[in-house]
Amino acid sequence: MRAWVVAEPGPMATRPLEPVERDVPEPGPGEVLVRVEACGVCRTDLHLAEGDLLPRRPRTTPGHQVVGRVEGTGERVGVAWLRSTCGACKYCLRGTENLCPSSAYTGWDADGGYAEYLTAPRDYVYPLPADVPAERLAPLLCAGIIGYRALLRCDLPPGGRLGIYGFGASAHLTAQAAIARGAVVHAVTRSAASRALALELGAASAGDEPPEPLDAAILFAPVGTLVPAALEALDRGGTLAIAGIHLTDVPVLNYDRHLFQERTLRSVTANTRADGRAYLELALAHPPRVTTSLYPFGQAAQALTDLANDQVRGAAVLVME
């Protein structure tokens, strides 16, 4: 089968992603073999390729927003970021399996969806409808699920004012979920295309900073220098949730300007399967507008390069030719 691997992590200009041919993997006990139809391109894949996220194994195939068919049954499934947990630690037992110290991740601890086939534990795949185009479903499996968890973590009150910093794949889905709940959304992004998309989707503003104090905010951009500004933009009692797996260093915070008046700073770490099921149920019952930039499978490196250069509108998706 054809696949892409991270050969030597580094800037995309150094061509860290390499096309290879590999044997089709054999599923282990409790696993299924999935033939890939489409795979979303996530900023986490970029972090892995460029070395911001340290590889856990050599020559890993990235990709964790996979839509495909189970070999032998034809069942349509989604393979997402969370690959497995121990099920026995205190975190798993209290319903926070995303914090399991033994958790493993698709496209990091095991080969992912930048390939024609992958294996996945049966208990960690999501059933998907057979009649929805794969490219519309793929971004829901990470961009949608992580955005959903970030929305829960930021404690947005009903009808509240939400700031979204960075407006890519996850943000454009999260904004729609928040607006559907009656929120006023302000997008903060440098990209003219992203500003236009935010306004098309119903954001009240899109610019360099929110025009009013915020009840909650989500930081999707992996830029630590945005944290003080996002905290300072919060109203009293507001919460900032940082949604990414990687963030550049955060500058020194001033207690009075950034944290006093019970402003809260939170991180978001992966997701639970319950998050995934809840979000997919919501998204399939009330489909969001999924804005995608499609790339043939052979252009995976170009997709990551465009993502690195902020040249992707909405979500990038690899589709099998």
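**View 1. H4 gives the largest share of the lining of the largest cavity, 5 residues.** This is a predicted model, and the close-up goes straight to its one enclosed space: the structure holds 1 cavity of 30 Å³ or more. About 40 Å³ of space lies inside the largest cavity. Two helices, H4 (143–153) and H5 (169–180), each bring at least two residues to its lining. Look for Ala 143, Gly 144, Gly 147, Tyr 148 and Leu 151 around the cavity, together with Ser 170, Leu 173, Thr 174, Ala 177 and Tyr 279. Sorted by class, that makes 6 nonpolar and 4 polar residues, with no charged ones in the lining.

**View 2. The second largest pocket has a volume of about 220 Å³.** Here H5 turns up again, and with 4 residues H5 gives the most to the pocket lining. Helix H9 (273–285) joins in, since H5 and H9 each supply at least two lining residues. Leu 173, Gln 176, Ala 177, Ala 180 and Arg 181 are part of the lining, and so are Tyr 279, Leu 282, Ala 283, His 286, Pro 287 and Pro 288. By class, the tally for this pocket is 8 nonpolar, 2 polar and 1 charged. A few names will ring a bell from the previous view: Leu 173, Ala 177 and Tyr 279 line the largest cavity and also line this pocket.

**View 3. Six strands make an open sheet with parallel pairing, in the order E12-E11-E10-E13-E14-E15.** Strand E12 (205–207) and E15 sit at the edges with a single partner strand each, so one side of each has no neighbour in the sheet. From one strand to the next, the twist averages 15°. H4, the helix from the cavity view, packs on this sheet and touches E10, E13, strand E14 (234–242) and E15. The directions of H4 and E14 make an angle of about 150°.

**View 4. E10 and E13 pair side by side in the parallel sense.** Zooming in on this pair, strand E10 covers residues 161–165 and strand E13 covers residues 214–219, with 4 bridges between them. For a landmark, find Ile 164, whose bridge partner in E13 is Ile 218.

**View 5. Strand E8 is mostly covered, with 4 of its 5 residues buried.** E8 takes in residues 117–121, and strand E3 (residues 31–41) pairs with E8 in the antiparallel sense over 5 bridges. To get your bearings, start from Glu 31, which stands opposite Pro 121 in E8.

**View 6. Gln 261 has a positive phi of about 65° although it is not a glycine.** As a rule, most residues other than glycine have a negative phi. Gln 261 belongs to the loop between helix H8 (255–259) and strand E15 (264–267), and that strand is one of the edge strands of the parallel sheet. With a relative accessible area of 30%, Gln 261 is partly exposed.

**View 7. Asp 310 also has a positive phi, near 55°, and is not a glycine either.** Its setting is another loop, this one between helix H10 (300–308) and strand E17 (315–319). The relative accessible area of Asp 310 is 42%, which puts Asp 310 in the partly exposed class.

Key
Residues numbered from 1 in each chain as written. Predicted model: local features only at pLDDT ≥ 70, side-chain atom pairs only at ≥ 80, totals over all residues. Heavy atoms only, no water. 1 Å grid on protein atoms, 1.4 Å probe; cavity = no way out; pocket = protein on both sides within 12 Å on 5 of 7 lines; lining within 4 Å. Points joined across faces, edges and corners; volume = space filled by probe spheres on them. Nonpolar A, V, L, I, M, F, W, Y, C, P; charged D, E, K, R; others polar. Buried < 20%, exposed > 50% of the residue type's maximum accessible area, 1.4 Å probe, protein only. Pairing = 2+ DSSP bridges. Axes fitted to C-alpha atoms, helices over the stretch in contact; angles between N-to-C directions. Contact = heavy atoms within 4.5 Å.
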